[in-house]
Amino acid sequence: MSQSTLFDVNSHFQKIYARPVILEAKQLSQVFKYGKTERTVLNQIDLKIHKREFICVIGPSGCGKSTLSRVIAGLDPYHSGEILVDGEMITGPSPERGMVFQGYTLFPWKTVKENVMFGPLMKGASRMTAEAHAREWINIIGLDKYENQYPHQLSGGMKQRVAIARALVNEPKILLMDEPFGALDPHTRQRMQKHLMDLWQNIDITIIFVTHDMDEAILLADRIVALKANPGEIKEIIEVDLPRPRSLDLMATPEFKRLRKHVDHLVHAQEDELDPALQDLPKIPRMTQVSSTK
Ligand SMILES: Nc1ncnc2c1ncn2[C@@H]1O[C@H](COP(=O)(O)OP(=O)(O)O)[C@@H](O)[C@H]1O
Ligand SMILES: [Mg+2]
């Protein structure tokens, strides 16, 4: 019997939906003003995310993924609607919503350990407590040998592991990740995906992960929120009915490929709409005599 027949999709999603809602967006809109004109980037988004869910947000470039994550992070005020964490309105950044973004956001003048200690110290922990918590997380991400190194001495993958530890040391309810592995080479990226899945399996956290990589979204997510652009709206929410725990081998299965085709269609159809030039690519005229026989 294959692994997928053992996996009961219905009961899996029933269990997820029975958990409390941790984040809820109600008619959430974001409008940016450019002089006298304004542009609606997010338009009346309704979304419920359940505790311990792994949500991926995908959509074509410029559709509002980062705008949504900044609003959830509390970094940008929003135009209208509501966004609630555990029933409380978001009014600004909070350590309960940890953030990991694509650009390496570590303090370059601090060591790995000092970077991870920063959050607890800000919350008023003693140096000793902060150091103990930091060490615990540095061990979990497997960088104990590097705790006294500076960010410039680390590889891209290591820097993102430190960024993850720096967010998790604050014991956030939600981890927000905006294209966190976007700058990594494919091999490191895959290892980081696996590492993140292992972390998520073992700690009590809800992850909202923005990516434009469809394979990444399918591999990681319980549900994929596919946004469409102009204005950003939810085009579809896809339940990823693949068994867990997942490994990279899953990507070669027909089930994965079926989902991939569906997601591909959702996102690419929009990219063509967004860039009319793509629909009408010119035929390149022959400019030199090119022959494969000579
Ligand atoms: N602070 C801002 N002020 C004005 N326009 C913005 C701001 N942030 C994002 N935008 C615009 O909103 C749109 C969506 O951007 P973004 O959320 O970064 O897209 P994505 O992350 O999906 O690629 C873009 O057209 C961008 O130029
Ligand atoms: Mg973005």
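The legends below accompany close-up views of a predicted model.

**View 1. The whole protein chain, with its helices, strands and two domains.** The protein chain of this predicted model contains ten helices and ten strands. Its radius of gyration is 21 Å, close to the 19 Å that the globule rule gives for 294 residues, so the chain is as compact as a globular protein of that length. Along the principal axes, the C-alpha atoms occupy a box of roughly 70 × 55 × 55 Å. Of the 294 residues, 33% are buried, and among contacts with a separation of 6 or more, 72% are between residues 24 or more positions apart. The domain assignment divides the chain into domain 1, made of 3-96 + 191-275, and domain 2, made of 106-171, and the centres of these two domains, taken over C-alpha atoms, are separated by 27 Å.

**View 2. The shell of residues around ligand 1.** The residues that surround ligand 1 are F32, V41, G59, S61, G62, C63, G64, K65, S66 and T67. Helix α3, which spans residues 65-73, gives the most to this shell, with three residues. By residue class, the shell around ligand 1 divides into three nonpolar residues, six polar residues and one charged residue.

**View 3. The open sheet of four strands.** The strands of this sheet follow the order β2-β1-β4-β5, and their pairing is antiparallel. Because β2 (37-50) and β5 (88-89) stand at the edges with a single partner strand each, one side of each is left without a neighbour in the sheet. Strands of a sheet pair through backbone hydrogen bonds, in either a parallel or an antiparallel sense. Within the sheet, strand β1 (residues 21-34) runs antiparallel to strand β4 (residues 80-85), and five bridges join the two. Along this pairing, E24 stands opposite L84 in β4, while S29 stands opposite S80 in β4.

**View 4. The hairpin of β4 and β5.** Strands β4 and β5 pair in the antiparallel sense over two bridges, and L84 stands opposite M89 in β5. L84 also stands opposite E24, so that a reader following this residue across the sheet meets the β1 pairing again. Two residues lie between β4 and β5 in the hairpin, and D86, in the turn, has a positive phi of about 50 degrees.

**View 5. The hairpin of β9 and β10.** Strand β9 (residues 223-228) and strand β10 (residues 233-239) run antiparallel and are joined by six bridges. The bridge partner of I224 in β10 is I238. Four residues lie between the strands of this hairpin, where N230 takes a positive phi near 55 degrees.

**View 6. The surroundings of F209 in strand β8.** F209 belongs to strand β8, which covers residues 206-210. With 26 other C-beta atoms within 10 Å, F209 counts as buried, because the cut-off for a buried residue is 20 or more. Leaving aside its neighbours within four places in sequence, F209 is in contact with I55, C56, M177 and L220. One of these partners, M177, is 32 residues from F209 in sequence, yet the C-alpha atoms of the two residues are 4.6 Å apart in space.

Key:
Residues numbered from 1 in each chain as written. Chains lettered and ligands numbered in written order. Predicted model: local features only at pLDDT ≥ 70, side-chain atom pairs only at ≥ 80, totals over all residues. Near = placed C-beta within 6 Å. Nonpolar A, V, L, I, M, F, W, Y, C, P; charged D, E, K, R; others polar. Buried ≥ 20, exposed ≤ 12 C-beta atoms within 10 Å, placed from the backbone. Contact = placed C-beta atoms within 7 Å. Rg over C-alpha atoms; globule rule 2.2 N^0.38 Å. Domains from an automatic or database assignment.
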